[in-house]
Amino acid sequence: MNSPLNVIEYFFPFVQVSADPEFESGSEKLAIDCQTKVALDFDPDEKVHQVTLEITVMPESEDEKIPYAIHLIAVGLFQVDDEWDNKEKLLQVNGASILYSAAREFIITVSSRGPWPPAVLPATSFLQPEGAK
């Protein structure tokens with residue numbers, strides 16, 4: 001079965017990866033605290049849906065040292081099969097997941113050129129529990 005979601009293109013209009021020179025190797029946190037925000041938009045003339053995913057990895061306090069502070073925005077343009085019932089959920093879950101996977105690989109590539117081991121974003125789910133907003 002073909003997917004009802006078609007990726008037209010995606011890109012990263014904003015990327016910031018900053019290595020902390022005061023970070024001490026060997027004190028890596030086991031898990032990266034990653035925050036995500038998803039926004040959806042639709043152009044009815046072009047029948048194109050836009051998914052914007054913002055990812056941030058920042059220290060929780062001024063005293064916390066992490067290898068890399070990260071702020072990235074990914075934008076994807078998608079078409080959805082006209083027969084698909086819940087386009088918003090499909091874009092919120094699958095569209096954001098596609099962008100997150102692309103961003104994860106991009107961040108690994110960029111941070112692998114830094115002074116610390118590459119930053120690997122944790123697995124995440126954009127599926128909301130029923131009734132959640």
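Start the tour by selecting V7, Y10 and I98, which together make a nonpolar surface patch of about 230 Å². A patch here joins residues with over 30% relative accessible area and no salt bridge, with nonpolar side chains (Val, Leu, Ile, Met, Phe, Trp, Tyr) linked within 5 Å and like charges within 9 Å. The areas come from the Shrake-Rupley method with a 1.4 Å probe, and for residues only the protein chains shown count as cover. Within this patch, I98 sits in helix α1, residues 87-111, and counts as partly exposed at 31% relative accessibility; buried means under 20% relative accessible area, exposed means over 50%, and partly exposed lies in between (1.4 Å probe, protein chains only).

Before going further, bear in mind that this is a predicted model, in which local features need pLDDT of at least 70 and side-chain atom pairs count only at pLDDT 80 or more, while totals for chains, interfaces and linings use all residues. Residues are numbered from 1 along each chain as its sequence is written, and side-chain values use heavy atoms, with hydrogens and water left out.

**The whole chain**

Zoom out and colour by secondary structure: the protein chain has 1 helix and 4 strands, arranged along the sequence in the pattern β-β-β-β-α. Helices (H or I, at least four residues) and strands (E, at least two) are DSSP runs, numbered from the N terminus. The C-alpha trace spans about 55 × 30 × 25 Å along its principal axes, and of the 133 residues in the protein chain, 30% count as buried.

**The core**

Next select I55, Y100 and L121, which are the residues with the most contacts inside the largest nonpolar core, a set of 25 residues. At least two residues of this core are supplied by each of β3, β4 (68-80) and α1, and the largest share, 7 residues, comes from α1. A nonpolar core is defined as a set of buried Ala, Val, Leu, Ile, Met, Phe, Trp, Tyr and Cys residues joined through side-chain atoms within 4.5 Å. In soluble globular proteins, nonpolar side chains tend to be buried together.

**Pairs of residues to span with a distance label**

Select V57 in strand β3, a residue that counts as buried at 5% relative accessibility, and draw a C-alpha to C-alpha distance to A119: the two are 62 residues apart in sequence and 9.9 Å apart in space. Then move to L5 in strand β1, which is likewise buried, at 10% relative accessibility; L5 and L90 are 85 residues apart in sequence, with 7.7 Å between their C-alpha atoms.

Two further pairs can be labelled in the same way. F12 is found in strand β1 and counts as partly exposed at 22% relative accessibility, and its C-alpha lies 28 Å from that of W84, with their positions 72 residues apart in sequence. Q50, in strand β3, is partly exposed with a relative accessible area of 30%, and the C-alpha atoms of Q50 and Q16, 34 residues apart along the chain, are separated by 22 Å.

**The salt bridge**

Now show the side chains of E22 and K65, which meet in a salt bridge at 3.2 Å, N to O. E22 lies in the loop between β1 (5-19) and β2, and K65 in the loop between β3 and β4, so the pair ties together parts that are 43 residues apart in sequence. The structure holds 1 salt bridge, the term being used for a side-chain nitrogen of Lys or Arg within 4 Å of a carboxyl oxygen of Asp or Glu. Of the two partners, E22 is exposed, with a relative accessible area of 52%, whereas K65 counts as partly exposed at 32% relative accessibility.

**The β2-β3 loop and its charges**

Finish by selecting D41, D43, D45 and E46, which gather in a patch of negative charge on the surface. For such patches Lys and Arg count as positive and Asp and Glu as negative, while His and the chain ends are not counted; the place of a charge is taken as NZ of Lys, CZ of Arg, CG of Asp or CD of Glu. E46 is located in the loop between β2 (35-43) and β3 (48-57) and is exposed, with a relative accessible area of 53%. K47 also lies in the loop between β2 and β3, and its phi is near 55 degrees, a positive value in a residue other than glycine.
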